[in-house]
Structures are given as C-alpha cells and as structure tokens.
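Please read the following report with the sequence and the 3D structure at hand. It moves from the domains to a sheet and then to one residue.

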Amino acid sequence: MHGLNIAALSGRTGVAADTLRKWEERYGVLRPTRTEGGQRRYSEVDVERVEWLLARLAEGYRIGEAAALLGSAESEAPATASALKKALYESVARSDAEAVQRLLEQAFALLATETALMRVLRPLLYDVGKGWAAGTLSVAQEHLVSQAIRGRLQHLLSDRRGAVRGEAVLACAPGERHDLGLLMLAVCMRADGWAISYLGPETPVSAALDLARARSASVLGISVTMPEHLKGLSDELGQASVPGGLRVVVGGPATGASLARVLDVVYVRPELPQAVSRLRELVA
C-alpha cells in the first residue's frame with residue numbers, strides 16, 4: 001500500500017505526529033487509509049491540507065477556525081472561485097446568513113484578496129442584483145449579502161501594517177450611497193501598502209478635502225455609481241480649494257475619462273488591478 005506514514009507526514013510538514021493525530025481526530029481534516037496492520041497511510045491531498053492549515057495559522061487563525069474553513073476530509077467544501085460564488089448565491093437564496101459568513105471567510109482564506117474580490121464578490125453582487133431585478137431574490141436577501149460583504153471588507157481594511165505608498169482618503173460623492181466598489185478598492189490599496197482613511201457614502205467634497213489636508217494625503221479618491229450624483233460632485237469640486245500635492249481621482253460606473261477632463265481630475269478604470277497600478281504611478 002502506497003502513502004506516507006505519520007512520521008513521514010510529520011517530516012514533510014514540520015507538524016508533530018501527536019498534533020497530526022489530534023487534528024485528524026478532533027477536526028476530521030485528514031483521512032488516511034489503513035494498512036492491514038492498522039497503520040495510517042496519508043496521501044498528497046493530506047499533505048496539502050496540513051500545509052493549508054499551517055498557512056492559516058501563520059495568518060493568525062486558531063486551529064479550530066482554520067479547520068472549520070477547510071471543512072472535514074469527507075466534505076466537499078467549495079474551494080475554487082466559481083464554486084465559492086455559486087455556493088454563496090445559493091446561501092443567499094436560502095437566506096442562510098451563517099453560511100454566507102462562513103463562505104466569505106473561506107473565500108478570503110483560500111484565495112488571494114484580489115482574486116476573491118474580482119472572481120467571487122464582484123460577480124456575486126452582479127448576480128444578486130440580477131436576481132433582485134428578476135424578483136427571484138428579495139430586498140432583504142440582497143441586504144443580507146451586501147452587509148456581510150461590507151463587514152468582511154471593513155475587517156480587512158482594519159489591518160494596521162505599515163504604509164509604504166502614502167495616504168489616500170476615499171469617499172463616495174455627495175448623495176452617493178453605493179460604496180462596496182470603493183471599499184473593495186480600499187482593501188486592494190491597503191494590501192498594496194497604502195494608509196487608507198475611508199469615509200464611505202455621501203461625503204461632502206469639502207469634508208473629504210479637509211481630512212486630506214489634515215492627513216497630508218497624496219490622493220483623494222471619489223466614487224460615483226449613479227449618474228444623478230455627478231452634478232453635485234461637479235458643483236462642489238468647482239467651489240473647492242485643492243491643496244497642493246493632492247491628486248483628486250474619480251472612478252465608478254458613472255465616471256469616465258471625458259468627465260475627468262471636464263473636472264480636471266484623474267480617472268481610474270473600474271478593474272481593481274489597473275486602478276491600484278494607476279494610483280501607484282501617481283505617487284511614484
């Protein structure tokens with residue numbers, strides 16, 4: 001019979017044999033076969049699961065939390081971006097708040113932050129919006145997943161690692177309440193080394209500028225989703241005094257390069273990697 005005995009698995013992963021047995025028995029995260037003599041034999045899948053658990057422990061998870069995200073060896077927990085998006089939508093459709101929270105945790109534990117945002121959360125929110133418009137999802141279900149995502153993103157944004165790019169103030173335009181796209185950008189910028197002052201929905205331009213001035217920020221990012229809020233943004237920017245050295249940036253579905261030229265500001269595209277790269281160029 002092929003496979004690794006527990007000593008070999010311990011040697012491969014650096015986890016003590018007693019600890020491996022405990023993880024197997026308490027959390028069900030390993031599923032060895034047995035020789036005729038009853039000895040455990042572990043597969044490469046078991047090696048990968050132990051290594052995944054070690055990576056989560058290094059990120060600060062407790063073993064019980066990491067094991068819950070991974071799921072038992074007998075379960076088929078979603079692990080790809082498409083499978084996670086599908087499972088999340090199904091959980092929303094069932095109004096299963098606990099499953100939504102668990103799957104969001106799993107998405108960010110299994111996938112790189114940018115991948116989780118671009119291939120799970122953004123398409124999920126698009127599908128949820130379509131479901132709401134078609135009447136297959138309720139307003140309450142749409143709010144359930146939106147608030148769960150917002151909470152998870154705000155948790156990621158609270159990471160206090162040192163900033164190496166500078167500071168950015170991020171806000172929605174006056175009257176604009178849709179902020180999840182901006183919050184996703186904030187998380188990506190934080191991961192890229194920015195210090196972020198996040199103001200969120202319906203922020204007066206004067207208030208955002210005051211904070212940017214007080215923080216000596218290098219970028220003020222303003223998001224506009226709904227076109228009806230463009231006039232208010234234009235009017236307030238027209239009356240504002242922008243500090244020297246501060247770059248004002250606009251983005252969001254209602255904006256574009258032509259608007260940015262009219263407002264004499266910088267436009268960033270909605271794709272998160274390109275937006276982060278463009279912002280990095282501004283302060284290089």
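The C-alpha centres of domain 1 and domain 3 lie 45 Å apart, where the domain bounds come from an automatic or database domain assignment. The protein chain is divided as the table shows.

| Domain | Residues |
|---|---|
| domain 1 | 6–75 |
| domain 2 | 77–156 |
| domain 3 | 163–282 |

This is a predicted model, in which local features need pLDDT of at least 70 and side-chain atom pairs count only at pLDDT 80 or more, while totals for chains, interfaces and linings use all residues. Residues are numbered from 1 along each chain as its sequence is written, and side-chain values use heavy atoms, with hydrogens and water left out.

An open sheet with parallel pairing is formed by 5 strands in the order β4-β3-β5-β6-β7; strands (E, at least two residues) and helices (H or I, at least four) are DSSP runs numbered from the N terminus, and two strands pair if DSSP finds at least two bridges between them. Because β4 (194–200) and β7 (266–267) stand at the edges with a single partner strand each, one side of each is left without a neighbour in the sheet. Strand β3 (residues 166–172) runs parallel to β4 and is joined to it by 6 bridges, and the bridge partner of G166 in β4 is W194.

R150 is found in helix α8 (residues 139–157), and this residue counts as buried because its relative accessibility is 17%, buried meaning under 20% relative accessible area, exposed over 50% and partly exposed in between, with a 1.4 Å probe and protein chains only. Leaving aside neighbours within four places in sequence, R150 is in contact (heavy atoms within 4.5 Å) with D179, L180 and L183.
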